[in-house]
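Visitor: Please show me the model. I want to know what stands behind each label you use.

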Amino acid sequence: MSIEQLTTAALGRRKLLSGIGLGLGAFALAGCSGPSTDSSNSSSTSADPNGPDFNDVEPAKSITFWSNHPGGSEAVTKKIIEKFTASSGIEVKLVTAGSTYEDVAQKFQSAQAGGQLPDMVNLSDVWWFRYLLQDSIIPLGNVLKAAGVKTDDYRESLLADYQYKGSQWCVPWARSTPIFYDNKEHWKKAGLPDRAPSTWEEFDSWTSKLKSANTGAQHVYEYPALADYAGWTLQNVLWGFGGGWGSSENFDITCDSPESVKALKFVQDSVYSKGWAGVSSKESTDDLAAGACSATIGSTGSLVGVQKAAKFGVGVGNLPGGPAASTKICPTGGCGLGIVKKSDKAHQLAAAKFIGFLTNPRSTVDFSAVTGYMPVRKSADTSKLLKDDPLIGTAIKQLDVTKIQSYARVFLPGADQEMAKAVSKILTQKADVDATMKQLRTTLQKIYDSQVKPKLH
């Protein structure tokens, strides 16, 4: 999934998908199926869940880092690199490996067969597990310890996203959550309280007021573009209704449970029978800034840009809860940092030292100020961030109610695309929700049985 900061250029009103009567071919699913889970490494992953031993290893004097510069972060990352080199003597070559996480994944996959590999690489939430299955990254426990990087200061929910069977495989870096955005002027015209809705049912009860307030919006609410966001943001609705794509603790697939079907039927009804929602064709936060909708969900990575682009007061709030759950209903997203297995230990240790510096309390605040991503350290001093932009406080507080994503989404290769296809049928073809989710479960189970289960050890 690509989570990019909005540009500050003037935003035109983009063509929207109304979701009514459109076929699946009305838009192309973004991204690609990505790298396979086949390993090109001759050796298996270290039996030690903490990874290789780094006793008596001296760090290399230079390393290579591949990134797609999430959130327009190239300039701030280079500044952090300069500070790291000045303090450590280790040079870091920052390589643009593409413009999206998918680009980085494909380049990294191709290089496994004999090309020039980096020493560390940024790994999105839906790609890193493939690298584990490929045996192309190392567990980080020992190398982080050798580099003096303590993990107890990272936010637990963000760190846990990269754990599997007792091993830590990545360190959180450019991390975000979806938050609720609204047009405060539209809220005022509709006579609504100056806050985000507490639950989706409450928002449903507000929509008639927004529809009759003559705001000029095309839709009261827009679901983010399905190709990029459906699997991610709709977890909030699924969890709120007591369902989910699958378990957050194992590979059980639950997308066709009664609770999940009920949640997605609520989503479908909001577009069809109730008619207060549409689906954005590209960036729903762009549409909000242009006045085309009164509310949407978008990444915290859009927080800086949407405030600059909008000509009205922007409201933000926690994601709405549901009838079955009001807390622990927010997913996280973005990317972390991993270390490449084919690098030698000296380069791996130097990479770990850089990871610690790139994500230390000062660096994570500097990074957040520019990009809108969340500070990943608990001890980070966010006072200046909050002074410059008080709205970011809402996003930071929402980290307390985040939940680890479903294995079915982040651990199954290509699952995100399959979820997007299924949701598209529901929202653009008015497909039967129960039948569509049963078919999705069959598809996801086949992915697990063929691509994942044989490689688990």
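**Labels and their cut-offs**

Guide: The mean pLDDT of the chain is 89, and 89% of its residues reach 70 or more. pLDDT is the predictor's confidence in each residue, from 0 to 100. Over residues 1–33 the pLDDT is below 50. This stretch still has 110 contacts (heavy atoms within 4.5 Å) beyond near neighbours in sequence. Where pLDDT is low, the predicted coordinates should not be read in detail.

This is a predicted model: local features need pLDDT of at least 70, side-chain atom pairs count only at pLDDT 80 or more, and totals for chains, interfaces and linings use all residues. Residues are numbered from 1 along each chain as its sequence is written, and side-chain values use heavy atoms, with hydrogens and water left out.

Visitor: Why is Asp135 called buried or exposed?

Guide: Buried means under 20% relative accessible area, exposed over 50%, partly exposed in between (1.4 Å probe, protein chains only). Asp135 has 5% relative accessibility, so Asp135 counts as buried. Asp135 lies in the loop between α3 (128–134) and α4 (141–146). Helices (H or I, at least four residues) and strands (E, at least two) are DSSP runs, numbered from the N terminus.

Visitor: And what makes Asn214 buried or exposed?

Guide: The relative accessible area of Asn214 is 68%, so Asn214 is exposed. Its place is in the loop between α7 (200–211) and β8.

Visitor: What is the phi of Asp135, and of Asn214?

Guide: Asp135 has a positive phi of about 65°, and Asn214 a positive phi of about 55°. Neither is a glycine. Most residues other than glycine have a negative phi.

Visitor: What makes a space a cavity, and how many are there?

Guide: On a 1 Å grid over the protein atoms alone, a cavity is a set of points where a 1.4 Å probe fits but cannot get out. Grid points are joined across faces, edges and corners, and a volume is the space filled by probe spheres set on the points. The count is two cavities of 30 Å³ or more. The largest has a volume of about 70 Å³, the second largest about 40 Å³.

Visitor: How do you know that β7 and β11 pair?

Guide: Two strands pair if DSSP finds at least two bridges between them. Strand β7 (residues 178–183) and β11 have four bridges, in the antiparallel sense. In β11, Gly315 is the bridge partner of Asp182.

Notes
On a 1 Å grid over the protein atoms alone, a cavity is a set of points where a 1.4 Å probe fits but cannot get out, and a pocket is an open set with protein on both sides within 12 Å along at least five of seven lines; lining residues have an atom within 4 Å of a point.
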